[in-house]
Structure formats: C-alpha cells, structure tokens
Amino acid sequence: MAYNRVGSMLFNPWGGGVALPNASSWSTAVPTTTAAWTTVQQVTINVPMDLNRSAEPIIQLDVSVTWRQKSSSTAKYVRGRVVACNSGGTYQVIMADADGGNAYIEDAADASSYTNHTVALSGITLVTDLLDTVPIDVAVQIIREDATENATGQVLSAGYVRVIWGNN
C-alpha cells in the first residue's frame, strides 16, 4: 500500500505524564482497589495538530515501558500487562503471551517486594477499529490475586511510544 503522507514520532510519555528529571524517576504508586485490572498509568499519543486532520491510520506501533509491581501479601501473586486501544476504546493486550498462553507477567508466591519488568514491543499487531488509528491510548495495568491483598504498581519515566502513521 502506498501512502501519500507518512509521519513518525517518538514520544516519551511515561512516569507521570511530564518530563521527569532522570530515567530513575517513578510515577506515583497506584494500588488496586478491586479484583479487576487496574491502570497504573495511561498515556494518550496523538500526532501534531496540523497533521491530525482526521484519525490517521497507524502503519507501525512500538512501545517500550518499565514498571514495577508488588503484592501486599507474602503469599499472593500480582500480574502486570501492557495494553493499547484507539483513544477511548476497548483495551487490547499488546504484549506476547508470557505465562501459559496468558499475556501478562506474573510475580508469584512472595511478591511483597517490588519486581521490575521491562517490555519492548516492536511492530505491534494492529486490530481494525480497535487499535489502528491515532490518537491511541497505551497503559500499564496490574491485578491482584484476591480480595485479601492488594497489588501496587509504578511506571518508570524511561521508555517510549513510537508511532508511524500514514494516509493513502
């Protein structure tokens, strides 16, 4: 497919949505309050306004993010994942299956201390009408094992989202 107009931008949106002083700065800790997936940090990626005449189709999406997660219990697990969607849409898990066919990273048993996880994704599969146009939302989410404990997560200010978009 030939594109009449192609653009590419590299964004550094992690760690609280503002430029933090160094790559060792963590976002505010976010605890779970329910047994559902909890968003630790969500960022919205958009192209410059002069190019964003309408929703632009994404040609390629790359994401690199580091987060840490822990459980409030020494006997419970915590899971984390990276998701994305067309802005305001339904999140799609964008990381590869990491644990028996489940696309998340799990810290099992004694997860009471923070464990860091880095996911670098290139050429993410784009899904028509779910993850195929900018602006897009990208998020890190965590979930706890059960109601007797909580999970907590933070996102590191290092990392990026790269979007290549085009219009044919």
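How many residues lie between strand 5 and strand 6 in their hairpin, and which residue in the turn has a positive phi? Five residues sit between the two strands, and G88 is the one in the turn with a positive phi, about 80°.

## Ground rules

This is a predicted model, in which local features need pLDDT of at least 70 and side-chain atom pairs count only at pLDDT 80 or more, while totals for chains, interfaces and linings use all residues. Residues are numbered from 1 along each chain as its sequence is written, and side-chain values use heavy atoms, with hydrogens and water left out.

## The overall picture

This chain has eleven strands and zero helices, where strands are DSSP runs of E with at least two residues, helices are runs of H or I with at least four, and both are numbered from the N terminus. Going along the sequence, you simply read β-β-β-β-β-β-β-β-β-β-β.

Of the 168 residues, 46% count as buried; that label means under 20% relative accessible area, with exposed meaning over 50% and partly exposed anything in between (1.4 Å probe, protein chains only). The accessible surface comes to about 8,000 Å², and carbon and sulfur atoms hold 49% of it (Shrake-Rupley method, 1.4 Å probe; for residues, only the protein chains shown count as cover). As for contacts (heavy atoms within 4.5 Å), take those in the chain with a separation of 6 or more: 85% of them join residues 24 or more positions apart.

## Strand 5 and its partners

Strand 5 runs over residues 78–86 and is mostly covered, with nine of its nine residues buried. Strands count as paired if DSSP finds at least two bridges between them. Strand 5 pairs with strand 10 (residues 136–144) in the antiparallel sense over nine bridges. V78 has R144 as its bridge partner in strand 10, and G80 has I142 there.

Strand 5 also pairs with strand 7 (residues 105–107), antiparallel over three bridges, and here G80 stands opposite I105. With strand 6 (residues 92–93), the hairpin partner, the pairing is antiparallel over two bridges, with V83 opposite V93.

## Strand 10, covered on both faces

What about strand 10: is it enclosed or not, and why? Nine of its nine residues are buried, so strand 10 is largely enclosed by the rest of the structure. In a regular strand, side chains alternate between the two faces of the sheet. Here I136, V138, V140, I142 and R144 point one way, D137, A139, Q141 and I143 point the other, and all are buried.

Strand 10 pairs with strand 3 as well, antiparallel over seven bridges, and V43 has V138 as its bridge partner. Strand 3 covers residues 38–45 and includes T38. T38 is buried, with a relative accessible area of 14%. Leaving out residues up to four places away in sequence, T38 touches V30, P31, T32, T33, V140, Q141 and I142.

## Around R79

In strand 5, R79 is worth a look for its polar contacts, meaning pairs of N or O atoms within 3.5 Å; within protein, one must be able to donate a hydrogen and the other to accept it, and residues adjacent in sequence count only if both atoms are side-chain atoms. The R79 side chain makes such contacts with the side chains of E106 (2.7 Å) and Y77 (3.2 Å). Outside its neighbours within four places in sequence, R79 is in contact with W37, Q69, Y104, I105, E106, Q141, I142 and I143.

## Rings and charges

Rings of Phe, Tyr and Trp (its six-membered ring) pair if their centres lie within 6.5 Å; planes under 30 degrees apart are stacked, over 60 edge-to-face and the rest tilted. The count comes to one aromatic pair. The ring centres of W37 and Y104 are 6.4 Å apart and their planes are at 45°, so the pair is tilted. W37 lies in the loop between strand 2 (30–31) and strand 3, and Y104 in the loop between strand 6 and strand 7, so the pair ties together parts 67 residues apart in sequence. W37 is partly exposed at 26% relative accessible area, whereas Y104 is buried at 8%.

W37 also has a charge over its ring: the charged end of R81 sits 4.0 Å from the ring centre. The charged end of R68 sits over the ring of Y114, 4.5 Å from its centre. To count, NZ of Lys or CZ of Arg must be within 6 Å of the ring centre and within 35 degrees of the ring normal.
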